[in-house]
Amino acid sequence: MFVCCSFLSVFKGVDLHPQTNNANHHTREISLTRLIVRRGQPFKLTLNLRQPFNASIQPLHISAATGKRPTEKQGTLSFFGVPDVVKRSPSAKAVWKVELDKGSSTVTGNLILTITPPADTPIGEYTMTVKHRDQEMVLAKPVVLFNPWCPGRLSVCLSLNTTVLFEDNMVDICLRMLDLNPKYMKDPGDDVSARCNPIYVSRVVSAMINSVDDSGVLEGNWSGSYPNGVSPSHWTGSYAILKRWFDTGSYPVKYGQCWVYAGVMCSVMRLLGFPCRVVTNFESAHDNDRNLTIDVYHADYGVRETPSPDSIWNFHVWVEAWMRRPDLAKDGKYDGWQVLDPTPQEKSQGVYCCGPAPVVAILNGETDLKYDTPFVFAEVNSLSLISSMPYLVKADGSKVNIFSDTARVGQNISTKSVGSNKRMNITDSYKYREGASQKLPEVLFRAIEQDVFYVIFRMFLFLWLLYIILNQHLWGILVGFRIELKSQRLRFEYHWGPFLPFPIPLPSSHVYCLFSNESKNIQKTLTFEISTCFFFLLCCE
């Protein structure tokens, strides 16, 4: 692409070489005419001047800016040039670089510029301007995307092994999606600056695919009736949905369900530069009350069935994206596939989105990690690691556990194989097989122990015992306490203090059952519901 300038201008024209650059940046599938590059990787353009170029006398000054209020401090504005004698702010971030290619002819003013956006620059459309001899013009408007081939800081870091074709206006659709998210509406500068972080961008996309609390793409409908819209099974591709949303002024498209949400999100994420795949979980749990169990209540004769907020879907579909997680560990422990779920199920930090949750953390039961790792852990493990609790509700309100199924949830977790349409079973990346690994009890206990309510429970119990000791409400010596968790197949004990595991001749021994599965509201009380009883043994003389 060669752009000509006025005969009065010092600039004769500029060639952006979109086909060559896009081929080198793996963006030919997006466009052949629009300059689309990946951060951390150089691209070339040719600037033709009407006069010879002498860098020492008349340097070339270039700027790159994105967003409404670009600043150097936020990394949305960068100044650079040939030679690099540009005055920058001391707090400047994401500084671009430019070099004069050896093939340039300074005598004729034919300058081949090699420009490199930094590996941590925010993604989006940039306006690049060039200034020479007191004249200025728009040099280019490149779109900068994440770079799966770049090992730079905070970059996604897995090569895409398949070719994905995109429609010409997919870039505009995806950029509008970013610009309509509520965080951008609240503070455009902060939002655009944060687009350097794939973790942040992935959460924004997860929220914007559904339309529950924003101007998102899809409206969900599980009723079986689809007025003023079409059944979710009508859709055969993402582009038709995205184009309709774009063409109607960002009005939500009717209707979608989990597989539609996931398919659309996968397309958007791939365009932005994320290695991404769609994942299906069969027998997927929805742990509404976040107690890691799925409770089902059955009525005794003459007693109305008690409704449960928990549910099990015959299947559920989400997305995995490959990215680094330096926010969780500096050693790369949690890098790799991350679960993202755009289906509006539960709010995350006040917004209907989910993830990114590291798959490796879900495998090992590390449910104290952000974002939404406990929820995803429960989707594949609620009934596999912790027994389900179908209760018989009697007329007097009491509940009797009548059946436990420890192998129902999280079956045949699958994705499409690379290079074929065959199913690839990835269940082992999410959970250990029952009876096949010693890691199973360890994963369960870690998941329970790291639950936020369990932490509150331990703190509360410790302070309560300390209060008793200091106020001498007990006569004698505190021996210790034991927390015991029992289920149909598993038994765990947690010991604290100088607990003595052998019988001792004490005049009195008191056993208290503090918490049980009959606790009603886990958020308004300091109880921890785990469908079993927690015991502590307090012995004194």
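A salt bridge is a side-chain nitrogen of Lys or Arg within 4 Å of a carboxyl oxygen of Asp or Glu. The structure, which is a predicted model, holds 12 salt bridges.

**Exercise 1. Salt bridges and the parts they join**

Task: Find which parts of the chain the salt bridge between Arg203 and Asp372 ties together, and state whether each partner is buried or exposed.

Solution.
1. The closest N and O atoms of Arg203 and Asp372 are 3.5 Å apart, and the cut-off for a salt bridge is 4 Å.
2. Arg203 belongs to helix H5, while Asp372 sits in the loop between helix H8 (359-363) and helix H9 (373-381), so the pair ties together parts that are 169 residues apart in sequence.
3. Buried means under 20% relative accessible area. Arg203 has 7%, so Arg203 is buried. Asp372 has 19%, so Asp372 is buried too.

**Exercise 2. Two salt bridges of Asp327**

Task: Asp327 forms a salt bridge with Arg325 and another with Lys370. Give the closest N and O distance for the pair with Arg325 and for the pair with Lys370, then classify the residues by accessibility.

Solution.
1. For Asp327 and Arg325 the distance is 2.9 Å.
2. For Lys370 and Asp327 the distance is 3.9 Å.
3. Lys370 lies in the loop between H8 and H9, and Asp327 in the loop between S17 and strand S18 (336-340); the pair therefore ties together parts that are 43 residues apart in sequence.
4. Arg325, at 0% relative accessibility, counts as buried. Asp327 is partly exposed at 31%, and Lys370 is partly exposed at 36%.
5. Elsewhere, Arg34, Glu125 and Asp172 are joined into one network by salt bridges that share partners.

**Exercise 3. The annotated active site**

Task: Locate the residues that UniProt lists as "active site" and describe the surroundings of Cys258 and His316.

Solution.
1. The UniProt entry, which is unreviewed, places this feature at Cys258, His316 and Asp341.
2. These residues are spread over 84 residues of sequence but cluster in space, with a largest C-alpha distance of 9.8 Å.
3. Cys258 is in helix H7 and His316 in strand S17.
4. Cys258 has 4% relative accessibility and so counts as buried; His316 has 0% and also counts as buried.
5. Beyond neighbours within four places in sequence, Cys258 is in contact with Trp222, Phe315, His316, Val317 and Thr343.
6. With residues up to four places away likewise left out, the residues that His316 touches include Cys258, Asp341, Thr343 and Glu379.
7. The side chains of His316 and Asp341 make a polar contact at 2.7 Å.

**Exercise 4. The nonpolar cores**

Task: State how many residues the largest nonpolar core has and which element gives the most to this core.

Solution.
1. The largest nonpolar core has 48 residues, and Val201, Val205 and Leu272 have the most contacts inside it.
2. Elements giving two or more residues to this core are strand S12 (143-145), helices H2 (170-179), H5 (198-209), H6 (238-247) and H7 (258-272), and strand S17 (311-323).
3. H7 gives the most, with 11 residues.
4. Val201 can serve as a check on contacts: not counting residues up to four places away in sequence, Val201 touches Ile123, Phe146, Leu178, Arg195, Leu272 and Phe274.
5. A second, separate core has 28 residues, among them Val10, Leu49, Val82 and Ala140.

Technical notes
Residues are numbered from 1 along each chain as its sequence is written. This is a predicted model: local features need pLDDT of at least 70, side-chain atom pairs count only at pLDDT 80 or more; totals for chains, interfaces and linings use all residues. Side-chain values use heavy atoms; hydrogens and water are left out. A nonpolar core is a set of buried Ala, Val, Leu, Ile, Met, Phe, Trp, Tyr and Cys residues joined through side-chain atoms within 4.5 Å. Buried means under 20% relative accessible area, exposed over 50%, partly exposed in between (1.4 Å probe, protein chains only). Helices (H or I, at least four residues) and strands (E, at least two) are DSSP runs, numbered from the N terminus. Contact means heavy atoms within 4.5 Å. UniProt positions are given in the numbering used here, feature names are shortened, and annotations may be inferred rather than shown by experiment. A polar contact is a pair of N or O atoms within 3.5 Å; within protein, one must be able to donate a hydrogen and the other to accept it, and residues adjacent in sequence count only if both atoms are side-chain atoms.
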